[in-house]
Amino acid sequence: MKINAIITGSTGMVGEGVLHECLLSPEVESVLVINRRPCNVQHPKLMEVIHKDFYDFTSIKDVLMGYNACFIAWG
């Protein structure tokens, strides 16, 4: 099964490393990053959502469907 991953905190040091490893991995099919500011990374596997309220994800809940892994790299 291919990995479809969500990453939060990909603008920080650890999260950026996780993002790059996911983008390089042939096992990872797609990556969704949820950040408060843009990560400035372009890649065919990557989709980015800018979201300010990390206590309430109801406004983007439809975007979160279909993922089977999550990496939380909040500072």
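So, buried here means under 20% relative accessible area, and exposed means over 50%, with partly exposed in between. Keep that in your head, since I'll lean on it the whole way through. What you're looking at is a predicted model. I'll walk you through a handful of residues, then a pocket.

Let's begin with the cysteines. Cysteine 22 has a relative accessible area of 6%, so it's buried. Cysteine 70 comes out at 48%, so that one is partly exposed. Now, how many disulfides does the count come to? It comes to zero. Cysteine 22 is in no disulfide, and the nearest cysteine sulfur to it, the one on cysteine 70, is 10 Å away. Turn that around and cysteine 70 is in no disulfide either, with the sulfur of cysteine 22 as its nearest, at 10 Å. A disulfide needs the two sulfur atoms within 2.5 Å, so a pair 10 Å apart doesn't make it. And just as a reminder, a disulfide is a covalent bond between the sulfur atoms of two cysteines.

Okay, on to the strands. Strand S1 runs over residues 3–8, and alanine 5 sits in it. Buried or exposed? Alanine 5 is at 0% relative accessibility, so it's buried. Leaving out residues up to four places away in sequence, alanine 5 touches Ser30, Val31, Leu32, Tyr67, Ala69 and Phe71. There's also a nice long jump in sequence here: alanine 5 and asparagine 68 are 63 residues apart along the chain, but their C-alpha atoms are 6.2 Å apart in space.

Serine 30, one of those partners of alanine 5, belongs to strand S2. With a relative accessible area of 19%, serine 30 still falls under the 20% cut-off, so we call it buried. Its side chain makes a polar contact with the side chain of asparagine 4, at 2.7 Å. Further from it in sequence, beyond four places, serine 30 touches Ile3, Asn4, Ala5, Lys45 and Tyr67.

Stay in S2, and go to asparagine 35, which is in that strand, residues 28–35. Asparagine 35 is buried too, at 2%. Which side chain does it join in a polar contact? That's glutamate 48, at 3.2 Å. Setting aside neighbours within four places, the contacts of asparagine 35 are Gly9, Ser10, Thr11, Glu48, Val49, Ile50, His51 and Phe54.

Next, the loop between S2 and S3. Two residues there are worth a stop. Proline 38 lies in that loop and is partly exposed, at 43% relative accessibility. Beyond its sequence neighbours up to four places away, proline 38 touches Thr11, Glu48 and Ile50. Take isoleucine 50: from proline 38 it's twelve residues away in sequence, and 6.7 Å away C-alpha to C-alpha.

The other one is asparagine 40, in the loop between S2 and strand S3, which covers 46–50. Asparagine 40 is exposed, at 69%. What about its phi? It's near 60 degrees, a positive value in a residue that isn't glycine. For context, most residues other than glycine have a negative phi.

Then comes the loop between S3 and strand S4, where S4 is 69–72, and that's where you'll find phenylalanine 54. Phenylalanine 54 is buried, at 15%. Not counting residues up to four places away, it touches Thr8, Ile34, Asn35, Arg36 and Trp74. Its C-alpha is 13 Å from that of valine 33, which is 21 residues off in sequence.

In the loop between S3 and S4 you'll also see aspartate 53, partly exposed at 35%. The side chain of aspartate 53 reaches the backbone nitrogen of tyrosine 55, at 2.9 Å. Compare that with glutamate 27, which is 26 residues from aspartate 53 along the chain, with 30 Å between the C-alpha atoms.

Last stop, the pocket. The largest pocket holds about 160 Å³ of space. Which residues line it? They're Gly9, Thr11, Gly12, Ile34, Asn35, Arg36, Arg37, Phe54, Ala73, Trp74 and Gly75. You'll recognise Asn35 and Phe54 in that lining, and those two are also in contact with each other. Sorted by class, the lining has four nonpolar, five polar and two charged residues.

Technical notes. Residues numbered from 1 in each chain as written. Predicted model: local features only at pLDDT ≥ 70, side-chain atom pairs only at ≥ 80, totals over all residues. Heavy atoms only, no water. Buried < 20%, exposed > 50% of the residue type's maximum accessible area, 1.4 Å probe, protein only. Helix = DSSP H or I, 4+ residues; strand = E, 2+ residues; numbered from the N terminus. Polar contact = N/O pair within 3.5 Å; in protein donor to acceptor, adjacent residues only side chain to side chain. Contact = heavy atoms within 4.5 Å. 1 Å grid on protein atoms, 1.4 Å probe; cavity = no way out; pocket = protein on both sides within 12 Å on 5 of 7 lines; lining within 4 Å. Points joined across faces, edges and corners; volume = space filled by probe spheres on them. Nonpolar A, V, L, I, M, F, W, Y, C, P; charged D, E, K, R; others polar.
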